[in-house]
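Biologist: Please take a close look at one part of this model for me. Start with a single sheet and work outward from there.

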Amino acid sequence: MNVTLKVWRQKNANEEGHFETLEARNLNPNMSFLEMLDVVNNELEAESKMPVAFDHDCREGICGTCSLTINGQPHGPGEGVASCQVYMRSFKDGDTITIEPFRAKPFPVIRDLVVDRTAFDKIIQAGGFVTVRTGSAPDANAIPIPKETADLAMDAAACIGCGACVAACKNASAMLFVAAKSSQLNMLPQGQAEKDTRVLKMVATMDEAGFGNCTNQYECSAACPKLISEDFIGKMNRDYLFANLRQKFLRRKKKI
Amino acid sequence: MKLQANEPEGPLAEKWQRHQANIKLVNPSNKRKYEIIVVGSGLAGSGAAATFGEMGYNVKCFTYHDSPRRAHSIAAQGGINAAKNYQNDGDSIQRLYHDTIKGGDFRAREANVYRLAEVSVKIIDHCAALGVPFAREYGGLLANRSFGGAQVSRTFYARGQTGQQLLLGAYSALSRQIGLGTVDMHPHEEMLDLVLVDGHAKGIITRNKETGKVTSHAADAVVLATGGYGNVYNLSTYARNSNATAIWRAHKKGALFANPCFTQIHPTCIPVSGDYQSKLTLMSESLRNDGRIWVPKKVGDKRAPQDIPEDERDYYLERKYPSFGNLAPRDISSRAAKQVCDEGRGVGPTGLGVYLDFSDAIKRLGEDTIRERYGNLFDIYHEITGESAYQSPMRIFPAVHYTMGGLWVDYNLMSNIPGLFVLGEANFSDHGANRLGASALMQGLADGFFVIPYTIGNYLSECREKHPTDGHPAFKDAEENVRNITNKLLNTHGRHPVSYFHRELGKIMWDHCGMARTKEGLEEGIGKIQKLREQFWQDVNIPGDNEEYNQALEKAGRVADYMELGELMCRDALERDESCGCHFREEHQTEDAEALRNDQDFAYVAAWEFKGADETPVMHKEELNYKETKMATRNYK
């Protein structure tokens, strides 16, 4: 099969970008979308032209590195898949396919389809952890956790940190990403001690990084390659509300 | 060169505790005077950097990824072993130790393996405390599953994403330290050389992937946790960016490379479908708990699997290894698959595949239970092949998955270069000639969280002098070396993209240094690699400049290193004139085609010294003197 690509080309964050039209020929429908880009890049390189820069690594949907907006959709067609899990059999011979980076102000373009997602790391650094020094943990079975709770925590923990939720949101909101991590830890007994500070600090850092607010349209969970539920946003909002109230009380108590 | 393993004295079971009691400590107020470089942010790297940070050291951590959370530890599916004996099935540290050293076909160092089994217990405690959502039973306690090479259930898991959850746990510990300012994180920064001052590792040279800027970083010690080198084969289950450059450049600076030919070929991967293929996808070994592996009894039987009656199927693992059955170790299962395919009984369009069939398990347990256990793996299989494994059996074939070889280290995980430490898959130490399933995560976390934080103290407490600054001439020379390689690559202006050379190298390696090896084949392979390398330096075409984000340039440097490493792998395989674990020399097999080990002549670690790209490397031997373990013939029958 053959397809025409309209690919976003941008040398770096400071230069303006543009769409370039490239032809991808003699493709096998069983190729992955990224393998199709490999073929196009090999041809460009053979002509001494710069290949299309795109992020990828594990190519099995778990590392969260790949980040293409395909025909306007973060991670392209198909439910619950990352860009690397899209196959050419999802397209028809002769299609024109538009490929853009994940677009959001807090994710500046590094080159072509590669964006900088360090804002996500900063949010985790602010509170996405349980404080436990190596060697100080009790026996793993000392704290039983109901299976339902562990399963629900795992649902949230499945987040791969790709940023599709942000790219899908008209407000560039990172609520689903933040909610997934804060909810995972806030649900587990291990995370209770830092429950309030965790959600307050992560949300504050999210706001500082310039991510927008949630207006309840749930494009995020629709685009999420791990189908993380928007219900976790509701949980985060509740955690945030109660954390604020408790903090106010704690501060007031200190004055007395 | 005499290799000192520095194993502590005393009985095996007491060595680590005695050693911990004798290791020199660094006073808390002195810790902040030391700087440690950690390269890599997978399980071992994140664990080490986070723990060093907690202890009060100044840490600089480097990764070529955009974030430390991307390291390929994340892709491990099935689980992590630990001798908890929560299942009350007779497990113990001794038993995990014995399974691991036997699984490695008695080519690993006794004391290291015992320590690994010993600290496995703490790993689970620590990871559960970090909030890793391990699978649990209804009573709230941790669940276990079985893995290959063991007759107990000791594998802890988080659905089919155990590696992801453990890595994110280690990443959260690292992130906490970054937030506290004890770890200075450098993403998108790739190590391209090691710097030695007076024979000690005192820093590294990096290239920033976004700007191309080459920078010197000085420290008191350098810790490499940069993973394995299976991408030498091009097609593998590794991430596309996993590479050998950090360890290979350290090797070129004098670090010995141990057992390079020990490569694990994993039995259950999705078969190759075409020559455009960029990577192979693993189907977790845990599937072999409930899936049964078979091929038709008749050669060339092209009927659909459902149409082949039970008595015309050969469940060859169950037939050959009745006590371990479908859970025979990886090297044995892979070779058995190759044998039936060589006989013409392979399935699928290419004939390079065997069935992994769940129909009995679905009948026994119901589709819902199977979906709960393996749902995401069945989904991956469906995405890639367009077939449903609930309806018809999976087709699987072996693929390169892990490298047991790596830089040589002593008991303290220090290489032969003082101050250079190597952790996880990047070192050679724990898995001998074959790694058991669910042991890679165990080793990465053990080395990073529970071994190196102690053992580095011995070195640091003895290097009191102030660490050299990055203005030292050794740094200037190393920077110059890095720039020279880059310029040479950019100025070749040949005809082929770098991926062409990688693919060619991969074919040579798979054909000549793959699941079965011969003297003639290896010699031919070495010749072909040398020719390809020559062609590479005349005919590679790298567009663009150094001072920009240039993925072709990054890849070219890595492929250049693979070509040198690939040759060393073949040379090591040639030198090891026996069969053991993954290393199957056709000249050495039993009557029923099992690996025939030769303990008399080959019970050693082969540690290779680099002598120049066109010179023959020199092998040094570390004899494996087992004091408490008998080198028995592996028997999984």
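Modeller: B:Ile205 has B:Ser216, in strand 8 of chain B, as its bridge partner. The model is predicted. Strand 7 of chain B covers residues 200-208. Its pairing with strand 8 of chain B is antiparallel and runs over 5 bridges.

Now the whole sheet. The sheet is open, has 3 strands and follows the order 6-7-8 in chain B. The pairing is antiparallel. Strand 6 (189-197) and strand 8 (214-218) of chain B are the edges. Each has a single partner strand, so one side of each has no neighbour in the sheet. On average, neighbouring strands of this sheet are turned by 25 degrees against each other, direction ignored.

A helix packs here too. Helix 13 of chain B, residues 473-490, lies across strand 6, strand 7 and strand 8 of chain B. Helix 13 of chain B runs at about 140 degrees to strand 6 of chain B.

Next, a helical site in the same chain. B:Ala170 sits in helix 6 of chain B, which spans residues 162-180. Is B:Ala170 buried or exposed? B:Ala170 counts as buried, because 33 C-beta neighbours lie inside 10 Å; the cut-off for buried is 20 or more. Beyond its neighbours within four places in sequence, B:Ala170 is in contact with B:Leu43, B:Ser46, B:Gly47 and B:Ala50. Take B:Gly47: 123 residues separate it from B:Ala170 along the chain, yet their C-alpha atoms are 5.6 Å apart.

Then the interface between the chains. Chain A puts 66 residues into the contact, and chain B puts in 62 residues. On the side of chain A that touches chain B, several elements supply at least two residues each, among them helix 1 (33-46), helix 2 (118-127) and strand 6 (109-111) of chain A. Helix 1 of chain A gives the largest share of that side, 7 residues. By class, the residues of the side of chain A that touches chain B are 32 nonpolar, 18 polar and 16 charged.

Last, the layout of chain A. Chain A is divided into domain 1 (3-111) and domain 2 (117-255). The C-alpha centres of domain 1 and domain 2 of chain A are 30 Å apart. Their contact takes 18 residues from domain 1 of chain A and 18 residues from domain 2 of chain A. On the side of domain 1 of chain A that touches domain 2 of chain A, 9 residues are nonpolar, 7 polar and 2 charged.

Methods:
Residues numbered from 1 in each chain as written. Chains lettered and ligands numbered in written order. Predicted model: local features only at pLDDT ≥ 70, side-chain atom pairs only at ≥ 80, totals over all residues. Helix = DSSP H or I, 4+ residues; strand = E, 2+ residues; numbered from the N terminus. Buried ≥ 20, exposed ≤ 12 C-beta atoms within 10 Å, placed from the backbone. Contact = placed C-beta atoms within 7 Å. Pairing = 2+ DSSP bridges. Axes fitted to C-alpha atoms, helices over the stretch in contact; angles between N-to-C directions. Nonpolar A, V, L, I, M, F, W, Y, C, P; charged D, E, K, R; others polar. Domains from an automatic or database assignment.
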